[in-house]
Structures are given as C-alpha cells and as structure tokens.
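I opened the model today and kept notes in the order in which I looked things up.

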Amino acid sequence: MGGSFPRGKCAIAGLATFGVGEAPGFTSMELTARAASLAVEEAGLRIDAIDALFICQPDDFFAGLSFAEYLGLSPRFTDNNRTGGSAFMSHMITAIMMLEAGYIDTALIAYGSNQRTNGGKLATSIKTNAWDAPYKPLFPLSSYALAAARHMHEFGTTREQLAEVAVAARQWANTNPEAFAKGPLSIEDCLASRIISSPISVRDCCLVTDGAAAIVLTRTDRARDMPKTPVPVLGAAAATWWNSIAQATDMTTTAAAESGPRAYNAACVGPSDIQSVQLYDAFTINTILFLEDLGFCPKGEGGRFVSGGTIAPGGSLPVNTNGGGLSYCHPGMYGLFAIIEAARQIRGEAANQQGTVDVALAHGNGGTLSSQATVILGSTATL
Amino acid sequence: MDGVTGGPEAQWRAALADGKFLLQRAVSSGTVFFPPRVMEPGTGDTDLEWIEATGLGIIYSLTWVSQKPPAPPYNVAVVRLDEGAQLMSRVEGVTPETLRIGQRVRAKIATQDDGAAILLFEPAGH
C-alpha cells in the first residue's frame, strides 16, 4: 500500500462551526476567524498557541497569508492547498506528519465563506480547462452529470435512487437544528425538479450557503490535558487520478477506491468497523460512488444500496447524519464540515447522535471527482 | 511537423486550424494519448510522434445542458477514440432522443464564431 501513518498519534483537540446557513453582513474571513476563535477556545488555548495554519478560502489564493495576518500570527508553516473540497482532509495529513515530526505543535485548519448572502452563487475562480471549455460544460455540475449518466448506463442506476440520497439527507437535516434546508422532501419532489444537466436536477445538487468551520490538531498525548476529550486520527490518505472528468478511463470509479483502502490500512480498520459515515455529497451521485469506492457496497450496487432508506434515519448505515452538503450546509467547500460531524459523533455531541461511536469516517471530494481524501477518526478507546 | 514552432499544444492547434486532427503516440509503448503533452503520461517518455487520428470513436458518457427556453439543450460528450485516447466534445446533428452512450461517432472540424477551429463529432455513417 505504501506510506506510513502515525495511527492515533495526533488528535482533534478543538472544533467549531459558525454562521452555518446564512450569516448576512460577514466577510468570508470574518466567518473563518470566528470559527477559528471558537475552536481554539474549546481546546483551552489562546490564538497565539497556533504555530501552523491550514486554510483554503473560496476567493483568496493567498488565504494562508491573509489568515496569518488577520489572526496576528507568524506561523512556522502556512498551507492553502487547492485540491478543492477535499483540501481539509489533505491538510490534516500534512499537519499530522508535521506534528509527529515535531516541526509544529498546534495546527489550525479553517474554512469559511459568505457565498450565499454575498451573491447566492458558488463563489469560485476555478475554470474549466482549455481543452474542455469550448464545449461549455457547467462547472462543476456537468462533470458529475457525466459520471451519473455513465453509472446509470453501466449499472442501471435510476433517478429515483439518486433522489433517495437527497431525501435521506433532508431527513437527517430535519432533526439537526444547525441545518439550513429543512422541511418535507419526497422522491416525487426530486423527480419533478428541473433538470440542469441531465441526469442531474436541482434536487441532486448541494446547497449554496454561508458557513465556517475550524479544527485544532495537536499530538494526542498533549490533547489529553486539554478540556475536551481528544478525537484521535487513526488513518488518512489522499489520492488524485485526474483533473478533468474527460480523462477518467473509468468514470464510475473514483480515487476514493485508493484513498479509502489506504486510510483503512493506516487505521487498522475496515468498512464494517465504521459506525458513522460522512461523505462529501456535492451531488447525489457522489454518495453512491463513495459508498461503493469505500467498500460499503459492491461497485455498481450503490443505487440499489441506498434504496428504501438504508442511509436515512433508522436505516442500517447512518450516512451524513448532519444532513450533508445536500441539506446541512455547503459554503462552496464542504470537507471540513464532514470532518467535524465525524468528530462530533465520536465525542457524543452530534445533533443526530448515533449512540456510542468509536470509529467514524469522513471523506472529501475535490474538483470534478478529481481529488479524493479519506480520514478515519476514533475514540481514545481505539488507541 | 517541420516549420511549426512551439510546444505540442501549439502544434496540435495549428494542425487543427489546417484541417487535421492529430494525436500523439509514444514510440516505445505505442500508447496514444490526449491532450498533447511534452512526455508520455505515466512513463515520462519523450520519444513521441504525431499520428493523424481516424476520428472514429464511441460516446463514453454524455449530458444535455438545459438552457433558458426557447433555446434547446446542448450536449457535452466524452468520446473514447478508437486509438484509446479520450476527450470532451459536442455531437452535432443529434437530439436527446437519438444520441446515446455507446454510439459510434466521427470527428469533424468546424469553425467557431471567433474564427478558431473546433473539434466536433457527428454520428458515424453520416
């Protein structure tokens, strides 16, 4: 498999979300810094204890520098990698390696966007590459539509099965006070919604919201002396197979089929050990692809797997228990919110708490199914 | 490609403007790839040659993008060429009812509004 990982050596010591849904009047950096402040406070630290910053803002290519300046820090390391919404899982890997090596002591990973109240559209300066652009695919939506169309062609996946994913997410959101999109949503509602880029309709798409999130990472032995019970990181892995979906030789299998097994290997667990699954659901097809690629069902069976409420409240596999990007929040990049819901489940603090959770998975997706990164969190009992 | 300067991308575009659809082949492995590069992806081999594409391939996947009525939807397709390379394009002269995944298509070179050449496809057999 390659690549060693310091299983459980580093842990989430603080976490916070802020401004989820709508936060009128805030800049993206204000939202991010507020979440950061709350996460640092929860860890029992002052902001000047942070010596490494990891960030990826929607509208600022120098976000690491801006964030350092805003917080008044001169960190040993800043990172604003651009793998898309999976960036925060990748940040965790870099931070953990640096913590374990003793290069840094306390890492802050943060994100925030005001894209809903400041325009109401996905805020991105990322463009389709020069080879694809003349054909005007909607970025990034048409790429996911191409994957969904191929999945339907190869495996008989249906729009009803895609709708099951959206309905399950809404059911989780309905009992999460922090979730943005609430109210009844039926399979029929989804099927009747407008097609944007076939087979993807409005209800197959994630939300456009505001929101910010932050986590503090440090070595687990140090985190044990902090106010909150540490959430150790058991394993993590990132994989990149393409940038443009046009270069996918198998469009129905993503690099999650690589990041997942490598993360499981690092964590010494398998899919059957995962008690809480958080998947980056930018579109309904994502959940189906990642359930397959991460080993929760065989390739091609994802559509049938989610049918009948399997991943909804009361189903056999709790997936996206916060409501996901489809109904909880999606401020342009969702990765950090998936990590935080997984950590809240381990802590026993989630709005839709699933009993005692000792092992949870958070999976991030970036670009057009391009970058995949998987993080496995555990309770201190798993060390 | 005598007389053409610039990197592989510029050479490819110059050929397209000349009415030729080229692909690169790695001499050693025989692998044909797209988009054009200065090396074979995965091996780094720089011993490359240009070949003229047959232009034939199949629709690997496709989506129809809705537009504000009365503008009709347009398609975005990923074409798997017979040579093995894959690219994004648009298929002309088809409707959502007639175009399907797996269908054979043939390349054609058209001119965009700005005068630039563009690689498009049409159902094979036309």
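**Entry 1: salt bridges**

I began with the rule: a salt bridge is a side-chain nitrogen of Lys or Arg within 4 Å of a carboxyl oxygen of Asp or Glu. The model is predicted, so local features need pLDDT of at least 70 and side-chain atom pairs count only at pLDDT 80 or more, while totals for chains, interfaces and linings use all residues. Residues are numbered from 1 along each chain as its sequence is written, chains are lettered from A and ligands numbered from 1 in the order in which they are written, and side-chain values use heavy atoms, with hydrogens and water left out.

I looked up E301(A) and R304(A) and found their side chains in a salt bridge, at 3.0 Å from N to O. For accessibility I used these cut-offs: buried is under 20% relative accessible area, exposed is over 50%, and partly exposed is in between (1.4 Å probe, protein chains only). E301(A) is partly exposed at 31%, and R304(A) is partly exposed at 40%.

I then listed the network that salt bridges with shared partners form from E42(A), K228(A), R347(A) and E349(A). Over all chains the rule counts 19 salt bridges. One of them pairs the side chains of E42(A) and K228(A), at 3.9 Å from N to O. I checked where the two residues sit, taking helices (H or I, at least four residues) and strands (E, at least two) as DSSP runs numbered from the N terminus. E42(A) is in helix α1 (residues 28-42) of chain A and K228(A) is in the loop between α7 (220-223) and β8 (231-240), so the pair ties together parts that are 186 residues apart in sequence. K228(A) counts as partly exposed, at 24%.

I noted R150(A) and E154(A) as another pair, with the closest N and O atoms 2.8 Å apart. Both residues lie in helix α4 of chain A, four residues apart, which is about one turn of the helix. R150(A) is buried at 13%, whereas E154(A) is partly exposed at 34%.

**Entry 2: where chain A meets chain B**

I counted contacts, meaning heavy atoms within 4.5 Å. By that count 26 residues of chain A are in contact with 27 residues of chain B. Buried area is the accessible area (1.4 Å probe) that two parts lose on being put together, summed over both. Chains A and B bury about 2200 Å² between them, with 58% of it on carbon and sulfur atoms. On the chain A side, W131(A), Y135(A) and L146(A) lose the most area, together 37% of what that side buries.

How many salt bridges does the rule find across the interface of chain A and chain B? I found zero. There are, however, 15 residue pairs in polar contact between the two chains, both residues being at pLDDT 80 or more. A polar contact is a pair of N or O atoms within 3.5 Å; within protein, one must be able to donate a hydrogen and the other to accept it, and residues adjacent in sequence count only if both atoms are side-chain atoms. α4(A) gives the most to the side of chain A that touches chain B, with seven residues.

**Entry 3: inside chain B**

I found one helix and eight strands in chain B, and the helix comes before the strands when read from the N terminus. Of its 126 residues, 40% are buried.

The domain assignment, which is automatic or from a database, gives domain 1 (1-52) and domain 2 (54-126) of chain B. Their centres, taken over C-alpha atoms, are 22 Å apart. Domain 1 of chain B brings 12 residues to the contact and domain 2 brings 13. About 840 Å² is buried between these domains, and carbon and sulfur atoms give 81% of it. In domain 1, L16(B), F21(B) and F34(B) lose the most area to domain 2, together 57% of what that side buries. I found zero salt bridges across this interface, and zero residue pairs in polar contact with both at pLDDT 80 or more.

**Entry 4: two residues of chain A**

I looked at T287(A), which lies in helix α9 (residues 284-293). T287(A) is buried at 1%. Leaving out residues up to four places away in sequence, T287(A) touches V165(A), L279(A), D281(A), I311(A), V319(A) and N320(A).

N81(A) lies in the loop between β3 (77-79) and α3 (87-101) of chain A. N81(A) is buried too, at 17%, and its side chain reaches the backbone nitrogen of T83(A) at 3.1 Å.
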